[in-house]
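Here is a set of short exercises to work through with the model open beside you. Try each task before reading its solution.

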Amino acid sequence: MMHLSTLPDITGDWTRLDALAQDLLVRAGVAEGYLSDATTAWQRVGPAYREPATQDLVHAAMDSLAEPMALWRASLVSAAGIIQDFAAAALTLAEELRQLTAEQPRELVEGDDPVQHGKAVDSFNTRADGLTAQWNTLQQDTAARLASVSGGSGEGLPMTAYLGSQTLPRVSWASLTSTLDERLGAVTPGALLLSLRGLDTAELKAWAEANPEGAALLAANKLVGPFPLGSPEAALSGVMDDSQSKEGIAAIRAAWLDLSAADQEKLLLLYPAVFGALNGVPFASRAHANTVTVAGYRHTARRDLASLKEPSLADYSQSRAGAAQWGRDHGAWKAEKARLETVLKGLDFATDRASQVILVSSAADGRIVTMHGSPSDAVDRTAVLVPGTGADLGTLASYTDRLDAINGDSAPEKLSFYWQGTDLPNELHHNLTSAYNEDGGPLLAAFDHALDLEVPANTRSTYVGYSAGGSLLGTGEREGLTASNILYVAPAGIGHEVSSPSDTGSPDANRYWIQTRDDPITAAQVAGGGFHSGSFWSGGVPTAQMDAVRLESGFVNPKKPDSLMKGHSDYFVKGSTSAANMQSVIEGGRVSLYVDEVLHNGFGYSYWESPIEERPEDYTTRKLQTVTTESLEK
């Protein structure tokens with residue numbers, strides 16, 4: 001009978017242990033900050049205490065805490081680092097244990113080669129004994145390292161000698177390895193709330209970046225009832241079912257404003273992803289909450305990406321069916337890896353840029369809505385950019401640059417948004433039906449209803465719909481979106497089931513259209529009319545159906561005749577004719593009208609000529625004629 005060595009018991013949630021150690025580091029820093037604040041306050045009020053018998057002791061009390069606090073923090077940092085080392089090493093040994101368990105030799109049966117079986121048992125025993133030795137050494141070394149941490153026990157406090165006993169209990173750092181979870185308890189959203197109250201957005205961002213596991217926990221927290229009568233959860237859950245209609249959003253707004261500031265803060269911090277995306281909640285509050293949401297989703301995406309294991313062909317049967325299954329699994333792995341990298345790219349940018357995010361989702365290839373500026377009674381101009389084909393969370397940086405190019409300088413009276421609050425088609429052929437319009441149009445209209453509650457009623461509002469975003473914008477109009485100006489930029493169409501301004505929520509809006517002369521989107525405006533406009537018969541050309549004023553796309557560089565804009569991708573180049581025209585529509589300024597083709601007729605000939613294409617030098621360096629938007633608008 002064979003003898004197999006006993007495998008060690010290496011069980012534990014090592015990832016959680018590492019996260020708890022990280023939380024200790026965060027709490028140590030916060031506590032030291034509180035002491036600093038308290039010391040500053042004490043230095044202001046301390047001199048007011050005058051009592052000859054005790055004043056010296058009282059005045060020295062707060063200052064005497066500084067050194068013990070520093071020792072405590074240093075010890076906690078050391079202990080947390082040791083615990084993190086322990087957790088990392090234990091995770092590696094646990095993986096070795098898993099492999100050994102799976103490879104454990106079976107009993108010798110008739111037909112087995114005794115020699116080979118004996119070698120397999122010997123190899124297993126050698127590895128098992130080595131693993132046991134490593135596990136025992138790791139525990140012993142960790143306990144010894146923790147036992148050497150001596151500071152932070154409370155010794156040295158002046159009050160200790162005065163009272164004749166130790167003020168703080170002696171800390172046994174070594175005991176943390178076995179009782180860390182029991183001492184701290186399971187981290188819950190409610191347990192985190194107290195330390196987050198009162199933080200401004202910058203402080204909340206710093207906390208979320210230092211404590212990503214906690215941010216992820218909060219970002220995943222859902223509003224699940226029933227809730228106690230009179231609680232803020234109960235007050236909002238009663239009106240949250242309708243967050244798309246104008247009436248429903250107004251009801252959410254009213255219920256929110258009826259809450260106390262403390263209750264509003266509670267909901268934003270406990271359920272950041274829920275209330276950070278809820279129409280009717282003020283945009284500034286949503287941006288504050290999504291500081292946590294973005295950090296939480298970012299941590300989760302990083303974790304998921306790190307744990308994503310590439311399928312190995314060696315793990316599949318050596319057959320055609322096995323190879324086919326590997327191909328499918330490998331393709332799914334590759335797609336998920338690309339998806340997570342796309343999501344992370346956008347979340348990283350939002351974090352680094354400190355974007356004001358008023359909606360974010362990491363589902364599929366991501367959704368996001370960002371705000372530039374601050375809602376107030378001073379705002380008199382708003383702009384919303386709706387992106388086109390290929391837009392996802394990973395394109396946030398490039399679309400932010402595009403919005404910047406048409407926004408001009410920031411000012412208190414200006415407010416703008418990048419709205420990718422729905423899925424957009426990844427490729428042109430994905431947009432061959434009305435599905436993206438119908439899914440996204442109502443969401444865009446709901447955003448507009450919420451925006452109307454944030455700014456004065458007489459605000460000049462402009463929506464810019466680019467490519468697939470143009471027909472999405474038109475569908476949003478059909479669902480009730482209203483604006484002063486609708487600006488189509490090479491749109492796929494004018495909106496599903498939209499044939500004229502009367503089919504929209506703002507029939508009196510001023511409408512503008514910018515498109516190069518050779519943009520291939522023309523095919524979609526004609527052939528895709530049934531899915532991106534009213535019908536296949538009418539098509540989706542903005543001038544024909546919507547009475548839009550066509551503006552000149554002009555030059556990428558208005559000083560260079562050889563930079564006449566072509567194709568579909570350069571409309572938002574900063575300083576271009578196209579971008580300048582968009583900015584003028586947003587702000588109300590001078591725009592350059594489209595340079596019409598000229599028909600030449602003569603004996604035996606007839607042809608159209610585009611003067612700006614034939615003689616571009618006649619239109620560069622401010623030679624394009626301009627008119628005011630005021631002269632074009634109703």
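**Exercise 1. Decide whether Glu 479 is buried, partly exposed or exposed, then find its salt-bridge partner.**

Solution. Keep in mind that this is a predicted model.
- Step 1: The relative accessible area of Glu 479 is 35%. Buried would mean under 20% and exposed over 50%, so Glu 479 is partly exposed.
- Step 2: The partner is Arg 478, and the closest N and O atoms of this salt bridge are 2.8 Å apart.

**Exercise 2. Locate the parts that the salt bridge of Arg 517 and Glu 597 ties together, and work out which network is formed by salt bridges that share partners.**

Solution.
- Step 1: Check the distance. The side chains of Arg 517 and Glu 597 meet at 3.6 Å, N to O, and the cut-off for a salt bridge is 4 Å.
- Step 2: Place both residues. Arg 517 sits in the loop between S7 and helix H19 (522–527), and Glu 597 in the loop between strand S9 (590–592) and strand S10 (598–602), so the pair links parts 80 residues apart in sequence.
- Step 3: Look at accessibility. Arg 517 is partly exposed at 21% relative accessibility, and Glu 597 is partly exposed at 30%.
- Step 4: Turn to shared partners. Glu 438, Arg 478, Glu 479 and Glu 497 are joined into one network by salt bridges that share partners.
- Step 5: For the full tally, the count comes to 26 salt bridges.

**Exercise 3. Describe the surroundings of Glu 497, a member of the network with Glu 438, Arg 478 and Glu 479.**

Solution.
- Step 1: Glu 497 lies in the loop between S6 and S7.
- Step 2: Its relative accessibility is 48%, so Glu 497 counts as partly exposed.
- Step 3: Set aside the neighbours within four places in sequence; Glu 497 is then in contact with Arg 478, Asp 503, Ser 533 and Gly 534.
- Step 4: Compare sequence with space. Glu 497 and Ser 434 are 63 residues apart in sequence, and their C-alpha atoms are 9.5 Å apart.

**Exercise 4. Work out how Lys 337 and Glu 341 are placed relative to each other in helix H15.**

Solution.
- Step 1: Both residues belong to H15 (residues 320–352) and are 4 residues apart, about one turn of the helix.
- Step 2: The two form a salt bridge, with the closest N and O atoms 2.7 Å apart. Side chains of opposite charge can pair when their charged atoms come close.
- Step 3: Lys 337, at 30% relative accessibility, is partly exposed; Glu 341, at 37%, is partly exposed as well.

**Exercise 5. Trace the strand order of the open sheet and identify which strands stand at its edges.**

Solution.
- Step 1: The sheet has 8 strands in the order S1-S2-S4-S3-S5-S6-S7-S8, with mixed pairing.
- Step 2: Strand S1 (356–361) and strand S8 (549–551) each have a single partner strand, so one side of each is left without a neighbour in the sheet.
- Step 3: On average, neighbouring strands are turned by 15 degrees against each other, direction ignored.
- Step 4: Take an antiparallel pair. S1 and strand S2 (residues 367–372) are joined by 5 bridges, and Ser 361 stands opposite Arg 367 in S2. Their hairpin has 5 residues between the strands, and Ala 364 there takes a positive phi near 50 degrees.
- Step 5: Take a parallel pair. Strand S5 (residues 460–466) and strand S6 (residues 485–489) are joined by 5 bridges, and Thr 462 has Asn 485 in S6 as its bridge partner.
- Step 6: Add a helix. H18 (residues 468–478) lies across S3, S4, S5, S6 and S7, and runs at about 135 degrees to S5.

**Exercise 6. Classify how helix H9 crosses H8 and H14: parallel or perpendicular?**

Solution.
- Step 1: The axes of helix H8 (residues 201–210) and H9 come within 5 Å and cross at roughly 105 degrees. That makes H8 roughly perpendicular to H9.
- Step 2: Residues at this contact include Trp 207 of H8 and Leu 218 of H9. By class, the contact has 6 nonpolar, 1 polar and 1 charged residues.
- Step 3: For H9 (residues 212–219) and helix H14 (residues 283–307), the axes come within 7 Å and cross at roughly 105 degrees. H9 and H14 are therefore roughly perpendicular to each other.
- Step 4: The contact of H9 with H14 has 8 nonpolar, 4 polar and 1 charged residues.

Definitions and conventions: Residues numbered from 1 in each chain as written. Predicted model: local features only at pLDDT ≥ 70, side-chain atom pairs only at ≥ 80, totals over all residues. Heavy atoms only, no water. Pairing = 2+ DSSP bridges. Helix = DSSP H or I, 4+ residues; strand = E, 2+ residues; numbered from the N terminus. Axes fitted to C-alpha atoms, helices over the stretch in contact; angles between N-to-C directions. Contact = heavy atoms within 4.5 Å. Parallel < 35°, antiparallel > 145°, perpendicular 65-115°, else oblique. Nonpolar A, V, L, I, M, F, W, Y, C, P; charged D, E, K, R; others polar. Buried < 20%, exposed > 50% of the residue type's maximum accessible area, 1.4 Å probe, protein only.
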